[in-house]
Amino acid sequence: MQTKPAIAVATWNVHRTVGADGTASPRRIEAAIASDIAPRRPQLLALQEADSDDAPHDALLDMRAIARATGLRHVHGPADMRWGAASGGYLGNILFVAPDLAVTRARIIDLPGHCPRAAVMVEVLWDATPLRIVACHLSLSQPLRAVQLRLIGQVVARGSTMQTVLLGDLNEWRPWGGLALSRRMSGMELRGRAVATFPARRPLLPLDRVLSHRGTVRDVAALDGSSLRDASDHRPLFARVTVAGGAAA
């Protein structure tokens with residue numbers, strides 16, 4: 001039986017570039033992306049905690065260096081896709097996409113919470129097949145996560161009907177997803193295997209997820225390597241998402 005076309009995706013909470021030694025090192029994160037993530041040739045790369053924590057949320061990483069290493073393009077060029085002129089993304093959420101994914105729409109969804117939160121939503125065409133990507137970093141609080149996913153689901157419901165991929169640090173430790181990831185909250189049937197990514201040294205909790213409404217998430221793996229374990233308190237998560245009618249992988 002022929003395997004459906006799949007898109008390769010990766011997500012990583014880079015912990016404001018603070019590594020296991022307690023030192024902030026943007027160059028260490030960039031080197032780990034180049035050595036351990038780029039060889040897997042992801043077509044989507046979502047980063048969280050990749051801007052400074054305090055306003056004006058300046059970029060911590062070199063977007064051009066990451067683009068060169070991965071062959072991906074940074075979607076936050078327009079001013080309304082960044083918190084400020086010097087930000088890499090929006091409240092630490094940064095998304096890169098492959099050149100063969102034609103971006104048709106991009107926007108930021110402001111999310112409620114005690115701390116400023118947001119989601120990056122991008123709609124693309126892959127060989128004429130529409131696909132929606134939502135990259136985010138959700139609250140540590142279960143009630144707030146539920147509210148945030150409810151809002152994301154409402155925005156998705158008002159848009160065109162298409163497969164939707166949700167990825168990022170969702171802060172949901174329950175493998176079954178809890179209330180926040182349920183269909184009654186988001187209106188979406190979000191599916192994808194839970195794999196432990198936190199803490200990086202010895203992962204116990206599946207805080208980082210790749211989920212899809214429609215399609216299938218497969219080959220889910222928490223990436224490992226000394227450079228990754230040293231660079232952040234999370235491990236990157238890699239997966240492939242089948243896309244009905246998409247280009248060959």
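Student: In this predicted model, how exposed is D224, buried or exposed or in between?
Tutor: Let's go by relative accessible area: buried means under 20% and exposed means over 50%. D224 comes out at 44%, so the label for D224 is partly exposed.

Student: Which side chain does D224 meet in a salt bridge?
Tutor: Opposite charges can pair when the charged atoms come close. For D224, the N to O distance is 2.5 Å, and the cut-off for a salt bridge is within 4 Å. The partner is partly exposed too, with a relative accessible area of 22%. That partner is R229.

Student: What about R191, which residue does R191 pair with in a salt bridge?
Tutor: R191 has 52% relative accessibility, so R191 counts as exposed. The side chain across from R191 has 29%, so that one is partly exposed. N to O, the two are 3.4 Å apart. The partner is E189.

Student: How far apart are the closest N and O atoms of R28 and D21?
Tutor: D21 is out on the surface side of things, since a relative accessible area of 51% makes D21 exposed. D21 forms a salt bridge with R28, and the closest N and O atoms sit at 3.1 Å.

Student: How many salt bridges does the structure hold?
Tutor: The pairs we've covered are some of them, including R28 with D21. There is also a network of salt bridges linking R105, E123 and R132. For the structure, the count is 14.

Student: Which residues make the nonpolar surface patch of about 500 Å²?
Tutor: Try W176, found in the loop between β8 (163–169) and α4 (183–186). W176 has a relative accessible area of 64%, so W176 is exposed. The patch is made by W173, W176, L204 and L205.

Student: Which are the edge strands of the six-stranded open sheet?
Tutor: The strand order is β3-β4-β2-β1-β12-β11, with mixed pairing. An edge strand here pairs on one side only. At one edge, the pairing with β4 (residues 94–97) is antiparallel over two bridges, and H74 stands opposite F96. The edge strands are β3 (73–74) and β11 (217–222).

Student: Which strands of the sheet does helix α1 touch?
Tutor: Helix α1 covers residues 26–37 and packs on the sheet. Its direction makes about 150 degrees with that of one of the strands, β1. The strands touched are β1 (6–13) and β2 (44–48).

Student: And at what angle does helix α2 run to β4?
Tutor: Helix α2 takes in residues 63–70 and lies across β2, β3 and β4. Relative to β4, the angle is about 35 degrees.

Definitions and conventions. Residues are numbered from 1 along each chain as its sequence is written. This is a predicted model: local features need pLDDT of at least 70, side-chain atom pairs count only at pLDDT 80 or more; totals for chains, interfaces and linings use all residues. Side-chain values use heavy atoms; hydrogens and water are left out. Patches are made of residues with over 30% relative accessible area and no salt bridge: like charges are joined within 9 Å, nonpolar side chains (Val, Leu, Ile, Met, Phe, Trp, Tyr) within 5 Å. Accessible areas come from the Shrake-Rupley method with a 1.4 Å probe; for residues, only the protein chains shown count as cover. Helices (H or I, at least four residues) and strands (E, at least two) are DSSP runs, numbered from the N terminus. Buried means under 20% relative accessible area, exposed over 50%, partly exposed in between (1.4 Å probe, protein chains only). Two strands pair if DSSP finds at least two bridges between them. Contact means heavy atoms within 4.5 Å. Axes are lines fitted to C-alpha atoms, for helices over the stretch in contact, and angles run from 0 to 180 degrees between N-to-C directions.
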